[in-house]
Amino acid sequence: DHFSYLSKKEDHDDYYGGRYYGFGFSFRKFPDYVVYVTLVIPGSNAETAGMRRGQRIIAIDGKTVQEIEDNNLWGTVTSRPEDKKDIPLEYVVEEDGEEKTLTLYAGDVTAPSVYKTDILEDGDRKVGYLMLKSFINSTNGELDTAFTAFKAAGVTDLVVDLRYNGGGWLDGSEHLASLITGGELKDKLFTRLTYNKKHQDYNSDYHFKDFAQSLGLQKVVFIATGGTASASEVVINGLKPYVEVAIIGGKTYGKPVGMNPMSYCDYTLVPITFKLANGDGYGDYFTGMPADCEADDDVTHDFGDARETSLAAALSVLRDGTCPAAPAVYAWEPDEIDVRTVPYRLGWLF
């Protein structure tokens with residue numbers, strides 16, 4: 001299958017610990033030498049230097065994007081091994097029509113699970129916005145902090161941005177779903193894990209819980225793309241039997257199966273070992289879950305910006321159920337996506 005993998009134990013553990021070495025951002029290339037910053041890790045050297053999602057990269061290390069592309073220099077201008085981490089890279093970026101020069105240094109980064117939270121005023125409604133990048137060791141605690149703030153602010157609606165979330169621990173999925181709902185869903189089946197006939201004693205269930213910070217919502221909107229996979233898809237599928245769910249953006253990846261990591265010397269072997277199904281017994285979404293309202297992943301705006309195409313569509317669906325027909329900004333259709341519990345990365349992460 002194309003899900004199972006083998007990795008160095010250190011790499012596997014670093015991912016779930018949020019540990020990473022580099023500059024702390026990713027970008028995506030488009031035709032005609034157009035390159036946009038798509039993601040910046042909070043707290044990274046890139047963020048400290050002033051890099052933001054939505055900036056267009058004009059030049060790196062004194063070379064234009066066209067020079068870099070035509071001469072295949074991406075690896076040269078974006079890498080800094082640890083013995084050269086004190087050597088900076090200069091990025092020229094364009095933001096709101098203004099060019100800026102950013103000086104970046106490589107270094108150790110501890111990436112969070114939650115990249116952005118906000119509370120958006122939309123008419124008489126308070127809409128909570130949550131950009132969740134992964135389900136790692138720190139996820140549940142970060143989610144508790146976010147939802148405590150949402151509840152204290154009187155949030156009435158919620159947008160969960162899973163567009164780049166390739167999965168991770170299932171207990172994080174259960175925790176997020178329980179924070180969205182809680183209340184009367186407590187103890188109801190969230191998702192069921194089923195193993196093959198030789199390991200039926202491993203079969204197990206995850207159930208909804210009720211927390212003080214649970215919002216008790218009856219409707220939730222998710223932003224998704226082809227990079228939304230595994231544990232993030234479990235959240236969407238697990239909620240569907242009980243509350244109104246809308247998917248905004250694009251079709252999800254399609255991974256209704258999971259793994260049990262196994263240690264092997266200095267490696268971690270992660271094979272597919274079980275299938276997943278929700279409270280209605282449904283788990284057959286190998287081709288992905290389709291969007292209810294299609295919208296672009298608008299890389300020209302930052303996460304949480306109400307002008308960003310997918311978030312604008314999500315707000316419209318929450319407001320009156322309408323799906324706006326927005327023109328394409330930069331269409332994205334991944335040719336091949338590597339989705340595993342070890343990091344899915346949209347483009348390269350530097």
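1. Let's start with helix 8, where nine of the twelve residues are buried, so this helix is largely enclosed by the rest of the structure. Please keep in mind as you read that the model is predicted. The buried residues of helix 8 are Thr 309, Ser 310, Leu 311, Ala 313, Ala 314, Leu 315, Ser 316, Val 317 and Leu 318. And what covers them? The cover includes strand 10 (114-122), strand 11 (125-132), strand 12 (157-161), strand 15 (219-224), strand 16 (244-249) and strand 21.

2. The length of helix 8 can be checked too. With 1.5 Å a residue, its twelve residues should span 16 Å, and the C-alpha atoms at its ends are 17 Å apart, which agrees.

3. Helix 7 (residues 231-239) is another one to look at, being mostly covered, with nine of its nine residues buried. They are Ala 231, Ser 232, Glu 233, Val 234, Val 235, Ile 236, Asn 237, Gly 238 and Leu 239. You will find these buried residues packing against helix 6, strand 13 (189-194), strand 15, strand 16 and strand 20 (272-277). Strand 15 and strand 16 thus turn up here as well as in the cover of helix 8.

4. Helix 6 brings us to a helix pair. Two packed helices are described by the angle between their axes and the distance between the axes. For helix 5 (residues 139-152) and helix 6 (residues 170-180), the angle is about 10 degrees and the axes are 10 Å apart. An angle under 35 degrees counts as roughly parallel, and helix 5 and helix 6 are therefore roughly parallel to each other. On the helix 5 side, the contact is made by Asn 140, Leu 143, Asp 144 and Phe 147; helix 6 brings Asp 171, Gly 172, His 175, Leu 176, Leu 179 and Ile 180. Sorted by character, the residues of this contact are five nonpolar, three polar and two charged.

5. Now for the cysteines. How many disulfides are there? The count comes to one disulfide, formed by Cys 293 and Cys 323 with their sulfur atoms 2.0 Å apart. The link between Cys 293 and Cys 323 is right-handed, with 80 degrees about the S-S bond. Cys 293 sits in strand 21 (residues 293-294), while Cys 323 is in the loop between helix 8 (309-320) and strand 22 (348-349), so the disulfide ties together parts that are 30 residues apart in sequence.

6. Are these cysteines buried or exposed? Cys 293 counts as buried, at 2% relative accessibility, whereas Cys 323 is partly exposed with a relative accessible area of 38%. A further cysteine, Cys 265, is exposed, and its relative accessible area is 68%.

7. Finally, two backbone details deserve a look. Most residues other than glycine have a negative phi. Tyr 33, however, has a phi near 60 degrees, a positive value in a residue other than glycine. You can find Tyr 33 in the loop between strand 3 (25-30) and strand 4 (34-40), where this residue is partly exposed, with a relative accessible area of 31%.

8. Asp 61 is the other residue to check, with a positive phi of about 55 degrees although it is not a glycine. Its place is in the loop between strand 5 (56-60) and strand 6 (63-64). Asp 61 counts as partly exposed, at 35% relative accessibility.

Notes: Residues are numbered from 1 along each chain as its sequence is written. This is a predicted model: local features need pLDDT of at least 70, side-chain atom pairs count only at pLDDT 80 or more; totals for chains, interfaces and linings use all residues. Side-chain values use heavy atoms; hydrogens and water are left out. Axes are lines fitted to C-alpha atoms, for helices over the stretch in contact, and angles run from 0 to 180 degrees between N-to-C directions. Helices (H or I, at least four residues) and strands (E, at least two) are DSSP runs, numbered from the N terminus. Angles under 35 degrees count as roughly parallel, over 145 as roughly antiparallel, 65 to 115 as roughly perpendicular and the rest as oblique. Contact means heavy atoms within 4.5 Å. Ala, Val, Leu, Ile, Met, Phe, Trp, Tyr, Cys and Pro count as nonpolar, Asp, Glu, Lys and Arg as charged, and the others, Gly among them, as polar. A disulfide is a pair of cysteine sulfur atoms within 2.5 Å. Buried means under 20% relative accessible area, exposed over 50%, partly exposed in between (1.4 Å probe, protein chains only). The expected span of a helix is 1.5 Å times one less than its number of residues.
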